[in-house]
Amino acid sequence: MPPSPEDPPWWWADATGQVLARPAAQIAHVLRGKHKPSFAPHRDEGDFVVVVNAAKVRLTGNKLNAKVWYRHSGYPGGLKAVGYDKLMAQRPDVAVEKAIRGMLPHNRLGRSMARKLKVYNGPNHPHAAQKPQPMALKPTKGA
C-alpha cells in the first residue's frame with residue numbers, strides 16, 4: 001500500500017565528506033517533492049529528511065575563511081556576523097540547514113517544507129521509529 005500524503009516517507013542522508021551544496025541540492029529536491037510524479041509547485045508534497053554527520057561536511061576553496069553568516073536581532077544595530085570557520089566548529093548543523101533552506105521557496109510554503117528537515121551533527125538521530133530509508137547522495141567530485 002503506498003503511503004498517503006498525510007504520512008509521507010522518511011529518508012536519511014549521511015553528509016560525511018560531502019561538499020556542502022551538493023547534498024543540500026539533492027535534499028531540497030526531496031523536501032519539495034520534485035522526485036514524485038504528483039509534484040505541483042503550489043503544494044507541499046515533500047518527504048521528511050534526516051541528515052546525519054553534518055559536522056563532517058566540507059567547504060571548498062577559501063569559503064571556510066571568507067564566507068559569513070549574517071542574522072539580525074530586529075533591533076537597530078542588531079546585525080550579527082559569524083564566520084563559517086567559527087560556525088562549522090560550533091554549530092555545523094546550522095550551516096547545513098541554512099544551505100538547504102536557501103534552496104527552498106522563500107514563503108510560507110518553503111517554511112512548511114523546512115519543518116520536515118532534521119539535521120544532526122553526529123551519526124545518531126531520534127527518528128528510528130519512523131523507519132527512515134537511506135537516501136543515495138551522488139558522490140562529490142574528487143571524494
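## A walk through the fold, starting at helix α1

Let's begin with what sits on top of helix α1: its buried residues are covered by elements that include β1 (10-14), β2 (48-52), α4 (92-101), α5 (108-114) and β5 (117-119). Keep in mind that you are looking at a predicted model. Which residues of α1 are the buried ones? They are Pro23, Ala24, Gln26, Ile27, Ala28, Val30, Leu31 and Arg32. A bit of helix geometry helps when you look at such a list: an α-helix has 3.6 residues a turn, so residues three or four places apart point the same way.

You can also check the length of α1 yourself. The helix covers residues 21-32, and at 1.5 Å a residue its 12 residues should span 16 Å; the C-alpha atoms at its ends are 16 Å apart, so the two agree. Just past the end of α1 comes Gly33, which has a positive phi of about 90°.

Now for the sheet. Four strands make an open sheet with parallel pairing, and their order is β5-β2-β1-β6. β5 and β6 (133-134) stand at the edges with a single partner strand each, so one side of each has no neighbour in the sheet. Look next at β1 and β2, a parallel pair joined over five bridges. Here Trp11 stands opposite Val49 of β2. α4 packs on the sheet, where it touches β2 and β5, and its direction makes about 155° with that of β5. As for α1, this helix lies across β1, β2 and β5 and runs at about 155° to β2.

Let's zoom in on one residue, Lys116, in the loop between α5 and β5. Is Lys116 buried or exposed? It counts as buried, because its relative accessibility is 12%, and the cut-off for buried is under 20%. The side chain of Lys116 makes a polar contact of 3.4 Å with the side chain of Asp44. Setting aside neighbours within four places in sequence, the residues in contact with Lys116 include Leu31, Phe48 and Val49. You've already met Leu31 as one of the buried residues of α1.

Finally, step back to see the whole protein. It has five helices and six strands, and from the N terminus on they run β-α-β-α-β-β-α-α-α-β-β. Of the contacts between residues at least 6 apart in sequence, 69% join residues at least 24 apart. Buried residues make up 38% of the 143 residues. How does the overall size fit? A compact globule of 143 residues would have a radius of gyration near 15 Å, and the protein has 16 Å, which agrees.

Note on methods
Residues are numbered from 1 along each chain as its sequence is written. This is a predicted model: local features need pLDDT of at least 70, side-chain atom pairs count only at pLDDT 80 or more; totals for chains, interfaces and linings use all residues. Side-chain values use heavy atoms; hydrogens and water are left out. Helices (H or I, at least four residues) and strands (E, at least two) are DSSP runs, numbered from the N terminus. The expected span of a helix is 1.5 Å times one less than its number of residues. Buried means under 20% relative accessible area, exposed over 50%, partly exposed in between (1.4 Å probe, protein chains only). Contact means heavy atoms within 4.5 Å. A polar contact is a pair of N or O atoms within 3.5 Å; within protein, one must be able to donate a hydrogen and the other to accept it, and residues adjacent in sequence count only if both atoms are side-chain atoms. Two strands pair if DSSP finds at least two bridges between them. Axes are lines fitted to C-alpha atoms, for helices over the stretch in contact, and angles run from 0 to 180 degrees between N-to-C directions. The radius of gyration is taken over C-alpha atoms; the globule rule is 2.2 Å times the number of residues to the power 0.38.
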